[in-house]
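Visitor: Hey, got a minute to walk me through this one? I'd like to start with a single residue and work outwards.

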Amino acid sequence: SSSFTIFRLILWAKSVTGATEIRLRFNSDSGANQYDTGYHVADGGTHAFGFTASGGISYGVLGRISSGRYTILSVNIGEIDAGDYKVWNAISGTRAGVDQFAGEWFNTIDKISSITIFTNAGTFGANCKFILEGCRK
């Protein structure tokens with residue numbers, strides 16, 4: 001990734017086991033205090049806002065998927081320099097609602113060399129699609 005400054009990740013996914021969070025981890029970094037995430041979730045007429053402070057968080061949150069229908073999730077990841085925090089914003093939606101998440105990875109030493117996408121519980125359903133694009137300097 002040494003010549004990329006922006007990544008875009010697109011997921012078309014559903015869960016096998018019900019509603020679940022989509023999480024990410026950069027460079028297999030699961031150390032405490034490495035990530036934070038803010039969010040706005042809108043389900044029908046209900047809105048929820050929140051923030052996960054950097055207190056033992058070992059992953060970033062991108063959004064949610066369910067088992068009932070596929071969710072489209074678009075994530076933009078910015079990495080300007082190895083000396084900067086890496087930031088992301090994500091938006092996802094289904095007929096049931098829209099999620100907006102944003103966060104940062106506090107590593108200022110390493111450039112992104114890998115991105116791991118996983119769920120907090122359960123597994124991805126059949127025929128899920130993952131696309132990763134990069135933009136060079």
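Guide: Sure. Leaving aside neighbours within four places in sequence, Asn76 is in contact with Phe7, Arg8, Val87, Trp88 and Asn89. Keep in mind that this is a predicted model.

Visitor: Where does Asn76 sit, then?

Guide: Asn76 is in strand 6.

Visitor: And is Asn76 buried, exposed or partly exposed?

Guide: Asn76 counts as partly exposed, because its relative accessibility is 33%.

Visitor: What's the C-alpha separation between Asn76 and Ile112?

Guide: Those C-alpha atoms are 13 Å apart, and the two residues are 36 residues apart along the chain.

Visitor: Okay, confidence. What does the chain average in pLDDT?

Guide: The average is 83, and 91% of the residues score at least 70.

Visitor: Which elements have the lowest and the highest mean pLDDT?

Guide: Strand 4, residues 46-52, has the lowest mean at 82, and strand 9, residues 115-119, has the highest at 91.

Visitor: Now the sheet. What's the strand order in the open one?

Guide: It has 7 strands in the order 4-3-8-7-6-1-10, and the pairing is antiparallel. Strand 4 and strand 10 (129-136) stand at the edges with a single partner strand each, so one side of each has no neighbour in the sheet. From one strand to the next, the twist averages 10°.

Visitor: How many bridges do strand 3 and strand 8 share?

Guide: Strand 3 and strand 8 pair over 9 bridges, in the antiparallel sense. To pick out a position, Thr37 has Gly103 in strand 8 as its bridge partner.

Visitor: Let's switch to the core. Which residues touch the most other members of the largest nonpolar core?

Guide: That core has 24 residues, and the ones touching the most other members are Phe26, Leu62, Leu73, Val75, Ile77 and Trp88.

Visitor: Which strands supply at least two residues of this core each?

Guide: Strand 1 (4-13), strand 2 (20-26), strand 3 (35-43), strand 5 (60-65), strand 6 (71-78), strand 7 (86-94) and strand 8 (97-105) each do that. The largest share, 4 residues, comes from strand 1. As background, nonpolar side chains tend to be buried together in soluble globular proteins.

Visitor: Trp88 came up earlier too, didn't I hear that right?

Guide: You did: Trp88 is among the contacts of Asn76, and Trp88 is also one of the core residues that touch the most other members.

Visitor: Charges next. How many salt bridges are there?

Guide: The structure holds 3. In one of them, the side chains of Glu133 and Arg8 meet at 2.6 Å, N to O. Glu133 is in strand 10 and Arg8 in strand 1, so this pair links distant parts of the chain, 125 residues apart. Glu133 counts as partly exposed at 34% relative accessibility, and Arg8 is partly exposed with a relative accessible area of 35%.

Visitor: Arg8 was on the contact list for Asn76, I think. What about Asp99, which residue does it form a salt bridge with?

Guide: Yes, Arg8 is among the contacts of Asn76. Asp99 forms a salt bridge with Arg64, and their closest N and O atoms are 2.7 Å apart. Asp99 lies in strand 8 and Arg64 in strand 5, so the pair ties together parts 35 residues apart in sequence.

Visitor: Is Asp99 buried or exposed?

Guide: Asp99 is buried, with a relative accessible area of 4%, whereas Arg64 counts as partly exposed at 31% relative accessibility.

Visitor: And what's the salt bridge partner of Arg23?

Guide: That's Glu21, with the side chains meeting at 2.8 Å, N to O. Arg23 is buried, with a relative accessible area of 14%, and Glu21 is partly exposed, with a relative accessible area of 26%.

Visitor: Last topic, backbone oddities. What phi does Ser28 have?

Guide: Ser28 has a positive phi of about 55°, although it is not a glycine. Ser28 lies in the loop between strand 2 and strand 3, and it counts as exposed because its relative accessibility is 55%.

Visitor: What about Asn127, where does it lie?

Guide: Asn127 lies in the loop between strand 9 and strand 10. Its phi is near 65°, again a positive value in a residue other than glycine. Asn127 is exposed, with a relative accessible area of 54%.

Terms used: Residues are numbered from 1 along each chain as its sequence is written. This is a predicted model: local features need pLDDT of at least 70, side-chain atom pairs count only at pLDDT 80 or more; totals for chains, interfaces and linings use all residues. Side-chain values use heavy atoms; hydrogens and water are left out. A nonpolar core is a set of buried Ala, Val, Leu, Ile, Met, Phe, Trp, Tyr and Cys residues joined through side-chain atoms within 4.5 Å. Buried means under 20% relative accessible area, exposed over 50%, partly exposed in between (1.4 Å probe, protein chains only). pLDDT is the predictor's confidence in each residue, from 0 to 100. Contact means heavy atoms within 4.5 Å. Two strands pair if DSSP finds at least two bridges between them. Axes are lines fitted to C-alpha atoms, for helices over the stretch in contact, and angles run from 0 to 180 degrees between N-to-C directions. A salt bridge is a side-chain nitrogen of Lys or Arg within 4 Å of a carboxyl oxygen of Asp or Glu.
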